[in-house]
Amino acid sequence: MTALASPFSPTEDDIAEFRRLHQRLGDAIEGAVHGKRGAIDLVLVATFAGGHVLLEDVPGTGKTTLARAVARALGGQVRRVQFTPDLLPSDVTGTTVFDPRDGQIRFRPGPVFANVVLADEINRAAAKTQSALLEVMEERTVTVDGAAHPVPDPFVVIATQNPVDLDGTYRLPEAQLDRFLVRTRLGYPDAEHEIEVLRPGSTAGRVADVPVVTSPDEAMALAERLAGLHVADPLLRYVRDLGVAIREDPRVRLGASTRGLRSLVRCLQVYAAAQGRNYVVPSDVQRLAEAVLAHRTVLTRDAVLAGHTSGGIVDEALENVPPPQPDEG
C-alpha cells in the first residue's frame, strides 16, 4: 500500500490501535499457517510499510497459503495469477479490446487491478512477463497504448518463488528484486507444529476460515499515520553505515541503494509501532536488515563460488558496524 509521508507523529492512541490490529491480523493468519509467526509479522510489516513481499522457499512449505491468508485478513479485492512459461504480459496487466456493440476500443483490466495481488511462482514466467510487473509495483499504474491506468489503493503484490535451481524457473533480475520491500523464507515447521499440521482435522491451510480483520481504508489510514513515527538521527546514521559497509565489502558487486535503505527505515517505523513504541531502537534494525537488504545485495562470482551468501554479508555488517549508544539519541 502506498503510505503517504506525514509531518505529524502518531499519537499514543494511534500506536496502541495499530498494535492491536497487527496482533489481530497475526492471530487470524496463524490459524491457517501454523508455527510461522515471525514470517507472518514480517509480511504484515512490509504490507503496512507500503511495499511488496517475496516469499521464497521450496514447494509445500506454505508460501501460497500465507499469501492467501494475508490477503483474506486484510480484506479488499484479491486476485491471483499463476505464473507459467506461456503467460503473456497482457495476461497480467490487461489489454485493449474492440467492443462490437458500439465500435469503441476499451481497456480491459488485468488481475493486477486489485488491492492484493498474489503472484504465484513468479519465477516460472519468462522475463518479458515478469517485467510487466515492474511499472505497476513502483508507480501503481499500468500504461497500455500510451494511456495510464491507476490500480486501486492500497496495492500490494505478494509473490511466491521457488528456488532458482529447480527446473523450469527463471532468475528474477535485480531491477525486479528491488521492487520487493521484503524477501523472506518460511522453511519447514518445527516438530511440534509439523505434527499439529499432520493431525487430522487441523486448520492448517484452511484459508476460507481466516476472518476478515480490517478493510483497505482502515489499513491505509493507519499506514499514513505511522509514516511520521520518530527515527532519531543516530539510528539513521546506523542504517546508512550498514549500507556503506555492505557496498564496500570486496565480495559485493552491487549493494543496497539509497532507496533500499529508505525502505528499511520505513519498515523500522512500522515494526516499532507493532511493538507498541513510538520510536525505533537498534535491535529493530538488527531484526529487519537481512529481510530488507539481502535480496538487494549482489555478490561477485568468486564470492558465490566460495560459498558466501548475501544474507551472510548483511549479518557480518551488523556484527562489524557498532550500533548507536543510548546517550547518542
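The paragraphs below lead through a predicted model of one protein chain, from its confidence scores to its helix contacts, its individual residues and its backbone exceptions.

Confidence comes before geometry, and here the chain averages a pLDDT of 86, with 95% of the residues scoring at least 70. Residues 1-6 are a stretch in which the pLDDT is below 50, and although the model gives this stretch 27 contacts beyond near neighbours in sequence, the reader should keep that low score in mind when looking at them.

Two pairs of helices show how parts of the chain meet. Helix α1, which covers residues 12-30, and helix α11, which covers residues 258-274, have axes that come within 8 Å and cross at roughly 85°. Because angles of 65 to 115 degrees count as roughly perpendicular, α1 and α11 are described as roughly perpendicular to each other. On the α1 side the contact is made by I15, F18, R19 and H22, and on the α11 side by V270, A273 and A274. Sorted by class, the residues of this contact of α1 with α11 are five nonpolar, one polar and one charged.

The second pair is formed by helix α10, residues 233-247, and helix α14, residues 310-320, whose axes come within 9 Å and cross at roughly 130°. That angle makes α10 oblique to α14, and the crossing of the two helices is right-handed. From α10, the residues Y238, L242, A245 and I246 meet I313, V314, A317 and L318 of α14. In the contact of α10 with α14, eight residues are nonpolar, while no polar and no charged residues take part.

Returning to helix α1, D27 is found in this helix and counts as partly exposed, with 41% relative accessibility. D27 also gives a sense of distance across the model, since its C-alpha atom lies 43 Å from that of P250, a residue 223 places away in sequence.

A group of contacts can be followed from helix α3, residues 63-74, which is the place of T65. Leaving aside neighbours within four places in sequence, T65 is in contact with A32, V33, G205 and V207. The C-alpha atom of T65 is separated by 9.4 Å from that of I29, although these two residues are 36 apart along the chain. A32 appears again in the contacts of R206, which touches A32 and G201 when residues up to four places away in sequence are not counted. R206 itself is found in the loop between α8 and α9, and its relative accessible area of 41% makes it partly exposed. Between R206 and L254, which are 48 residues apart along the chain, the C-alpha atoms are separated by 41 Å.

Another loop, the one between β9 (180-184) and α8 (191-198), holds G187. This residue is partly exposed, with a relative accessible area of 24%, and outside its neighbours within four places in sequence it is in contact with K36, D57 and T61. G187 and E135 are 52 residues apart in sequence, and their C-alpha atoms are 31 Å apart in space.

T93, in helix α4 (residues 89-93), offers a buried example. Because buried means under 20% relative accessible area, T93 counts as buried at 11% relative accessibility. Beyond neighbours within four places in sequence, T93 is in contact with F107, P109, G110, V112, F113, A132 and V142.

Some places in the backbone depart from the common pattern. Most residues other than glycine have a negative phi, and most peptide bonds are trans. E121, which is not a glycine, has a positive phi of about 50°, and E121 is found in the loop between β5 (116-120) and α5 (127-130). D145 likewise has a positive phi, near 55°, in a residue other than glycine. The position of D145 is in the loop between β6 (141-144) and β7, where D145 is exposed, with a relative accessible area of 65%. A cis peptide bond, with omega of about 5°, joins D153 and P154. P154 belongs to the loop between β7 (147-150) and β8 (156-161).

Methods: Residues numbered from 1 in each chain as written. Predicted model: local features only at pLDDT ≥ 70, side-chain atom pairs only at ≥ 80, totals over all residues. Heavy atoms only, no water. Helix = DSSP H or I, 4+ residues; strand = E, 2+ residues; numbered from the N terminus. Contact = heavy atoms within 4.5 Å. Buried < 20%, exposed > 50% of the residue type's maximum accessible area, 1.4 Å probe, protein only. pLDDT = per-residue confidence, 0-100. Axes fitted to C-alpha atoms, helices over the stretch in contact; angles between N-to-C directions. Parallel < 35°, antiparallel > 145°, perpendicular 65-115°, else oblique. Left-handed = near helix turned anticlockwise from the far one by under 90°. Nonpolar A, V, L, I, M, F, W, Y, C, P; charged D, E, K, R; others polar.
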